[in-house]
Amino acid sequence: MAASRVAEVAAAQTMLFVPGDRPERFAKAVDSGADVVVVDLEDDVAALAPHVDVVLLPKAQDPSVVSELVARLRRERPDAGVLALVETAAGVLAAAATAAVPGVVRLAFGNFDLATELGLHPDDRDTLRSLRTQLVVAAAAAGLPAPVDGVSGAIDDAAAIEADTRDALRGGYAAKLCIHPRQVPVVAAALAPSAQEVAWAQRVVEAWESATSGAVALDGTMVDKPVVDRARRVLGAAGRGRP
């Protein structure tokens, strides 16, 4: 069971927080359509950790602490893992080392806490962009899935949520944390490839598979393996709702 849960987290696009002290909201969270529901247990994590498959670790900034948590989890669940929430300056600097810890499933960007520490606005994507990019590089270097973007403060402003999500997607992120069920469908739609992107990807793959050499020209543009890999990711997202 743990292995399947870890795989779900690794592939998820939408992750919805729900307060651990509000069990009456659990069913609504599950019904929201989110790929993963994150039960926010606050200080109770230490008591319940042996009974879960994946723990979202806040303020992940010390790889040795992350490693210790993985070891503790795996005493009960051999395939358990950690979703490392990077939300401090120290965490950003240690992102590569954290991503390399065996058992880390994915990195997530905690924009609100990090922005507060740095004296920035959490919705100022331009200022935070270089910090977000560090997690993208760290995840790729460690062979992890693309990271999870932090939450949007807007709940009812669908246009703002969509713009925020699309910006994250362009920046190398493939998922987003949500704080309200109404955000989930907006985020999911924004992360899904457009019809034009799917059509392009299909043409790229078809051209590649019918070629007799290692590269092919399509619409006056050279197509090689990295382009094909990107096209296949687009088709995977369109077919399974996952990047």
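With 243 residues, a compact globule would have a radius of gyration near 18 Å, and the protein, at 19 Å, agrees with that expectation. The model described here is predicted. Its fold comprises twelve helices and nine strands, and its salt bridges, 18 in number, are the main topic of the points below.

**Overall form**

- Taken along the principal axes, the box filled by the C-alpha atoms of the protein is roughly 60 × 40 × 35 Å.
- Buried residues account for 42% of the 243 residues in the protein.
- Among the contacts with a separation of 6 or more, 63% are between residues that stand 24 or more positions apart.

**Surface and charge**

- The protein exposes about 12100 Å², and carbon and sulfur atoms supply 56% of that area.
- There are 24 positive and 32 negative side chains in the protein, and the centres of these two sets lie 4 Å apart.

**Salt bridges between separate parts of the chain**

- Side chains of opposite charge can pair when their charged atoms come close.
- Asp53 forms a salt bridge with Arg77, in which the closest N and O atoms are 3.2 Å apart. This pair links distant parts of the chain, since Asp53 sits in the loop between helix 3 (45-48) and strand 3 (54-57), while Arg77 sits in the loop between helix 4 (63-74) and strand 4 (81-86), 24 residues apart.
- Within this pair, Asp53 counts as buried because its relative accessibility is 10%, under the 20% cut-off, whereas Arg77, with a relative accessible area of 28%, is partly exposed.
- Lys176 and Asp149 meet through their side chains in a salt bridge of 2.8 Å, N to O. Lys176 belongs to strand 7 (residues 175-178) and Asp149 to strand 6 (residues 148-149), so the pair ties together parts that are 27 residues apart in sequence. Both Lys176 and Asp149 are buried.
- Arg232 and Glu209 likewise meet in a salt bridge, at 3.5 Å from N to O. Because Arg232 lies in helix 12 (residues 225-240) and Glu209 in helix 11 (residues 195-210), this pair ties together parts that are 23 residues apart in sequence.
- Arg232 is partly exposed, with a relative accessible area of 38%, while Glu209 counts as exposed at 56% relative accessibility.

**A shared network**

- Salt bridges with partners in common join Arg125, Asp126, Arg129, Arg132, Asp149, Asp164, Asp167, Arg170 and Lys176 into one network.

Key:
Residues are numbered from 1 along each chain as its sequence is written. This is a predicted model: local features need pLDDT of at least 70, side-chain atom pairs count only at pLDDT 80 or more; totals for chains, interfaces and linings use all residues. Side-chain values use heavy atoms; hydrogens and water are left out. Helices (H or I, at least four residues) and strands (E, at least two) are DSSP runs, numbered from the N terminus. The radius of gyration is taken over C-alpha atoms; the globule rule is 2.2 Å times the number of residues to the power 0.38. Buried means under 20% relative accessible area, exposed over 50%, partly exposed in between (1.4 Å probe, protein chains only). Contact means heavy atoms within 4.5 Å. Accessible areas come from the Shrake-Rupley method with a 1.4 Å probe; for residues, only the protein chains shown count as cover. Lys and Arg count as positive and Asp and Glu as negative; His and the chain ends are not counted. The place of a charge is taken as NZ of Lys, CZ of Arg, CG of Asp or CD of Glu. A salt bridge is a side-chain nitrogen of Lys or Arg within 4 Å of a carboxyl oxygen of Asp or Glu.
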